[in-house]
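Student: I would like to learn how to read a structural model feature by feature, beginning with the general idea each time and then turning to the case at hand. Could we work through one together?

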Amino acid sequence: QVQLVESGGGLVQAGGSLRLSCAASGRSFSSYSMGWFRQCPGKEREFVAGISSSGGRVYYVDFVKGRFTISRDNAKSTVYLQMNSLKPEDTAVYYCAADSRALTSEYVSHFKYEFDYWGQGTQVTVSS
């Protein structure tokens, strides 16, 4: 069983920055492809960014490219999402997710069905 705990959310003005963290339990974190999703008010949960288990490959959805950066520290079993130039439309609950079945260390999971563990979410609110 894997537990994921997000932190770092909060209220920030437009143009500001936040860094989200997701700490994972268990001894196999370094073999998981990890991802960040978000759910904006009234919308479906959507993929934001993903990182391979090795950390060597990343993938971003278009609307965060150049503003968000995903990274991981396998020694700390933690994945991060650095969010810069935040916009009011980035307001959402952000979820960390783990894919324990990634076939290679360079695969970046990015479909919801690929992830088998989810955190509880952390609220990010961007004021205009």
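Student: In which loop is Tyr107 found?

Tutor: Bear in mind from the outset that this is a predicted model. Tyr107 belongs to the loop that runs between β9 (92-99) and β10 (117-118).

Student: Which residues make a nonpolar surface patch with Tyr107?

Tutor: Tyr107 joins Phe111 and Tyr113 in a nonpolar surface patch of about 340 Å². Tyr107 counts as partly exposed because its relative accessibility is 30%.

Student: Turning to the interior, which residues of the largest nonpolar core touch the most other members?

Tutor: That core has 29 residues, and those touching the most other members are Met34, Trp36, Val79, Leu81, Met83 and Tyr94. Two or more residues come from each of β3 (18-24), β4 (33-39), β5 (45-51), β7 (68-73), β8 (78-83), β9 and β11 (122-127). Apart from this core lies another, of 5 residues, including Phe37, Phe47, Ala97 and Phe115.

Student: What does Val79 touch, once residues up to four places away in sequence are not counted?

Tutor: The contacts of Val79 include Leu20, Cys22, Phe29, Met34, Trp36, Ile51, Ile70 and Cys96.

Student: Where is Cys96, then, and is it buried or exposed?

Tutor: Cys96 lies in strand β9, and it counts as buried because its relative accessibility is 0%. Leaving aside neighbours within four places in sequence, Cys96 is in contact with residues that include Leu4, Glu6, Cys22, Trp36, Val79 and Trp118. The C-alpha atoms of Cys96 and Thr122 are separated by 9.0 Å, the two residues being 26 apart along the chain.

Student: How should I read the side chains along a strand, with β11 as the case?

Tutor: In a regular strand the side chains alternate between the two faces of the sheet. Along β11, Thr122, Val124 and Val126 point to one face and are buried, whereas Gln123, Thr125 and Ser127 point to the other and are not buried.

Student: Which strands does β11 pair with, and in what sense?

Tutor: Strand β2 (residues 10-13) runs parallel to β11 and is joined to it by 4 bridges, with Val12 opposite Val126. Strand β9 pairs with β11 in the antiparallel sense over 3 bridges, and here Val93 stands opposite Gln123.

Student: How many of the residues of β5 are buried, and how does β5 pair with β4?

Tutor: Strand β5 is mostly covered, with 5 of its 7 residues buried. Its pairing with β4 is antiparallel and extends over 6 bridges, one of the partnerships being that of Gly35 with Gly50 in β5. The hairpin of β4 and β5 has 5 residues between the strands, and within this hairpin Gly42 takes a positive phi near 75 degrees.

Student: How many bridges join β5 to β6?

Tutor: Strands β5 and β6 (residues 58-60) run antiparallel and are joined by 3 bridges, and Ile51 has Val58 in β6 as its bridge partner. In the hairpin of β5 and β6, where 6 residues lie between the strands, Gly55 takes a positive phi near 85 degrees.

Student: Finally, how many salt bridges are there, and which side chain meets that of Asp90?

Tutor: Side chains of opposite charge can pair when their charged atoms come close. The count here comes to 6 salt bridges, and in one of them the side chains of Asp90 and Arg38 meet at 2.8 Å, N to O. This pair links distant parts of the chain, since Asp90 sits in the loop between β8 and β9 and Arg38 in strand β4, 52 residues apart. Asp90 is buried, with a relative accessible area of 1%, and Arg38 also counts as buried, at 5% relative accessibility.

Student: Are the side chains of the salt bridge between Glu106 and Arg57 buried or partly exposed?

Tutor: Glu106 counts as partly exposed because its relative accessibility is 33%, and Arg57 counts as partly exposed at 49%. Their side chains meet at 3.9 Å, N to O.

Student: Which residues do salt bridges with shared partners join into one network?

Tutor: Arg38, Glu46, Arg67 and Asp90 are joined into one network in that way.

Definitions and conventions
Residues numbered from 1 in each chain as written. Predicted model: local features only at pLDDT ≥ 70, side-chain atom pairs only at ≥ 80, totals over all residues. Heavy atoms only, no water. Patch = residues over 30% accessible without salt bridge, like charges linked within 9 Å, V, L, I, M, F, W, Y side chains within 5 Å. Areas by Shrake-Rupley, 256 points an atom, 1.4 Å probe, with all protein chains shown as cover. Salt bridge = Lys/Arg side-chain N within 4 Å of Asp/Glu carboxyl O. Buried < 20%, exposed > 50% of the residue type's maximum accessible area, 1.4 Å probe, protein only. Core = buried A, V, L, I, M, F, W, Y, C linked by side-chain atoms within 4.5 Å. Contact = heavy atoms within 4.5 Å. Pairing = 2+ DSSP bridges.
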